[in-house]
2 protein chains.
Amino acid sequence: MPSGRASDRAYESLRDEILQWRLAPGTVLGEVEQAARLGVSRTPLREALSRLLADGLVEAQSGRGLVVSSADVSDVRGLFELRAALETAAAALAAERREASVFSALAAEFEGAALLVGRHELDAYYDLVTRFDEAIDASVANPALVGALRGVRTHLQRIRRLAQDDPARLERAAAEHRLIAEAIRDGDAELARHATAVHLHASLRHILEATASDTKESR
Amino acid sequence: MPSGRASDRAYESLRDEILQWRLAPGTVLGEVEQAARLGVSRTPLREALSRLLADGLVEAQSGRGLVVSSADVSDVRGLFELRAALETAAAALAAERREASVFSALAAEFEGAALLVGRHELDAYYDLVTRFDEAIDASVANPALVGALRGVRTHLQRIRRLAQDDPARLERAAAEHRLIAEAIRDGDAELARHATAVHLHASLRHILEATASDTKESR
DNA sequence: ACAGACTTAAATGTATACACTCAAGCCCGG
DNA sequence: CCGGGCTTGAGTGTATACATTTAAGTCTGT
């Protein structure tokens with residue numbers, strides 16, 4: 001019933017488990033152990049681990065042994081520095097490409113996104129954000145830049161667990177996204193760049209505050 | 001005589017050959033063929049190919065078979081868009097870190113770099129650029145951003161072959177580097193960002209003009 | 001009792017044998 | 001002569017056996 005290659009199944013299984021925190025940071029991934037658990041032999045498992053290593057989801061631990069890489073607040077700042085560099089550039093480039101119709105429609109959708117959040121249709125909202133990212137990727141039309149963005153988004157998916165879904169924040173995020181979409185629609189590269197910077201600044205600040213209160217609660 | 005792991009040897013051999021254009025873009029890399037040629041078995045060779053795939057130096061060709069990825073002018077523009085996004089951010093962050101002494105020394109070295117180029121000590125000049133990049137990486141102190149930069153620099157190394165060593169251009173590049181180093185030394189993030197953008201713009205323009213004349217000559 | 005070296009076991013690194021898929025070439029039929 | 005299906009082979013995907021390295025634990029000698 002699973003798809004073709006054993007190495008793909010192993011990769012996707014491990015990747016999902018890491019992103020969903022079912023495999024916690026620091027977990028040791030022994031080859032024989034994981035191969036037995038996932039029902040594949042060591043050869044395809046090693047290929048899966050290679051890909052995860054390239055993704056930065058696992059890292060070599062002092063010469064011998066692979067462990068799930070860390071994903072705590074200290075990593076978030078650096079990740080957001082990279083994210084800001086890439087996404088501001090991508091937004092500006094998308095604006096320069098002048099594909100107004102797609103982003104006009106997305107801007108209208110973000111205008112109504114507060115309703116989605118209010119009605120607790122969070123999946124629909126996250127889907128909208130995903131389509132927005134895909135529209136930017138398509139407009140940028142730059143494999144190297146889009147590839148770098150994909151890597152960053154992978155790690156962000158794991159961090160999202162740190163910032164619980166906060167409806168008030170999501171409503172503000174929707175407004176920020178709307179502004180970006182409108183700037184791209186209007187071909188205003190500088191505004192798109194700055195609106196993206198503002199959005200990411202607010203997003204990082206929210207995550208840092210949320211994790212700070214988490215620490216307080218768990219004392 | 002070579003270092004420990006067979007997979008490392010295979011990876012470094014193939015990587016060097018690709019970067020030096022001894023393996024041309026489009027070359028098919030059969031597993032048994034390359035394993036025999038490099039004197040390793042298929043298992044470590046496959047790991048080497050996995051890493052090259054992650055680096056973007058090889059790519060899957062329509063389902064079956066790996067080939068050396070392309071590296072022509074059409075790829076250069078996109079690569080420089082990514083490079084500009086990353087290096088302007090890195091330069092600005094390095095300036096904010098305010099480690100003046102390192103960049104003060106580098107600025108002085110770039111001041112005398114025209115002499116190196118004039119005396120045809122190009123290796124010494126390239127070494128200086130490498131140390132400059134390493135100083136920025138160390139100041140940025142951001143594994144995610146530095147990792148992305150490493151990937152870009154790998155591809156740039158392959159493209160450098162497209163732009164032949166032009167002493168006049170290198171002298172101007174040294175002056176541009178000097179300006180960046182001085183801006184970082186002075187903690188002027190915005191100037192560091194803009195000076196980097198200027199340098200990359202000039203560098204891209206030079207490559208595009210060089211390749212255009214190459215095309216003309218080879219008719 | 002402590003330090004150092006040796007043993008041993010577990011985990012990774014490597015090689016090879018086997019299975020399976022896909023593609024190209026050939027043969028047969030219309 | 002052309003088209004379709006089958007055969008065959010090359011090459012990748014997987015499993016497993018073997019080699020090697022490293023780290024931990026113990027034992028012995030001082």
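Here a biologist and a modeller talk through a predicted model with chains A and B.

Biologist: Happy to start with chain A. How far apart are the centres of its domain 1 and domain 2?
Modeller: The domain assignment splits chain A into domain 1, residues 6-68, and domain 2, residues 73-217. Taken over C-alpha atoms, the centres of domain 1 and domain 2 of chain A are separated by 29 Å.

Biologist: Which three residues supply 59% of the area that domain 1 of chain A buries against domain 2 of chain A?
Modeller: The two domains of chain A bury about 750 Å² between them, with 55% of it on carbon and sulfur atoms. On the domain 1 side, no other three residues supply more than this trio: Leu19(A), Trp21(A) and Leu57(A).

Biologist: How many salt bridges and how many residue pairs in polar contact are counted between those two domains of chain A?
Modeller: Good thing to check at the bench. The salt bridge count between domain 1 and domain 2 of chain A is 0. For residue pairs in polar contact, with both residues at pLDDT 80 or more, the count is 3.

Biologist: Which helix gives the most to the side of domain 1 of chain A that touches domain 2 of chain A?
Modeller: By class, that side of domain 1 has 6 nonpolar, 2 polar and 2 charged residues. The element that gives the most, with 3 residues, is helix α1 (residues 6-19) of chain A.

Biologist: Trp21(A) came up a moment ago. What is its phi?
Modeller: Trp21(A) is partly exposed because its relative accessibility is 26%, between the 20% and 50% cut-offs. Trp21(A) is found in the loop between α1 and α2 of chain A. Most residues other than glycine have a negative phi. Trp21(A) is not a glycine, yet its phi is positive, about 65°.

Biologist: And Arg98(A): is it buried or exposed?
Modeller: Arg98(A) lies in the loop between α4 (73-97) and α5 of chain A. Arg98(A) also has a positive phi, about 55°, without being a glycine. Its relative accessibility is 57%, and over 50% is the cut-off, so Arg98(A) counts as exposed.

Biologist: Why does Phe110(A) count as buried?
Modeller: Phe110(A) is placed in helix α5 (residues 100-111) of chain A. Leaving out residues up to four places away in sequence, its contacts include Tyr125(A), Leu128(A), Phe132(A) and His177(A). Phe110(A) counts as buried because the cut-off is under 20% and its relative accessible area is 2%.

Biologist: Now to the two chains together. How many salt bridges are counted between chain B and chain A?
Modeller: The contact takes 17 residues from chain B and 17 residues from chain A. Together the chains bury about 1,300 Å², 61% of it on carbon and sulfur atoms. One salt bridge joins Arg97(B) and Glu81(A), at 3.5 Å from N to O. The count of salt bridges between chain B and chain A is 4.

Biologist: Which element provides the largest share of the side of chain B that touches chain A?
Modeller: Across this interface there are 7 residue pairs in polar contact, both residues at pLDDT 80 or more. The elements giving two or more residues to the chain B side are α3 (42-55), α4 (73-97) and α8 (143-159) of chain B. By class, that side has 10 nonpolar, 3 polar and 4 charged residues. The largest share, 9 residues, comes from α4(B).

Biologist: Which residue meets Glu17(A) in a salt bridge?
Modeller: Glu17(A) has 14% relative accessibility, so Glu17(A) counts as buried under the 20% cut-off. Its partner sits in helix α2 of chain A, 20 residues apart from Glu17(A) in helix α1 of chain A. With 2.8 Å from N to O, that partner is Arg37(A).

Biologist: Which residues does Thr196(B) touch, not counting residues up to four places away in sequence?
Modeller: A nice one to finish on. Thr196(B) is in helix α10 (residues 189-217) of chain B. At 3% relative accessibility, Thr196(B) counts as buried. The residues Thr196(B) touches are Glu87(B), Thr88(B), Ala91(B) and Ile180(B).

Technical notes:
Residues numbered from 1 in each chain as written. Chains lettered and ligands numbered in written order. Predicted model: local features only at pLDDT ≥ 70, side-chain atom pairs only at ≥ 80, totals over all residues. Heavy atoms only, no water. Domains from an automatic or database assignment. Buried area = accessible area lost by both parts, 1.4 Å probe. Salt bridge = Lys/Arg side-chain N within 4 Å of Asp/Glu carboxyl O. Polar contact = N/O pair within 3.5 Å; in protein donor to acceptor, adjacent residues only side chain to side chain. Helix = DSSP H or I, 4+ residues; strand = E, 2+ residues; numbered from the N terminus. Nonpolar A, V, L, I, M, F, W, Y, C, P; charged D, E, K, R; others polar. Buried < 20%, exposed > 50% of the residue type's maximum accessible area, 1.4 Å probe, protein only. Contact = heavy atoms within 4.5 Å.
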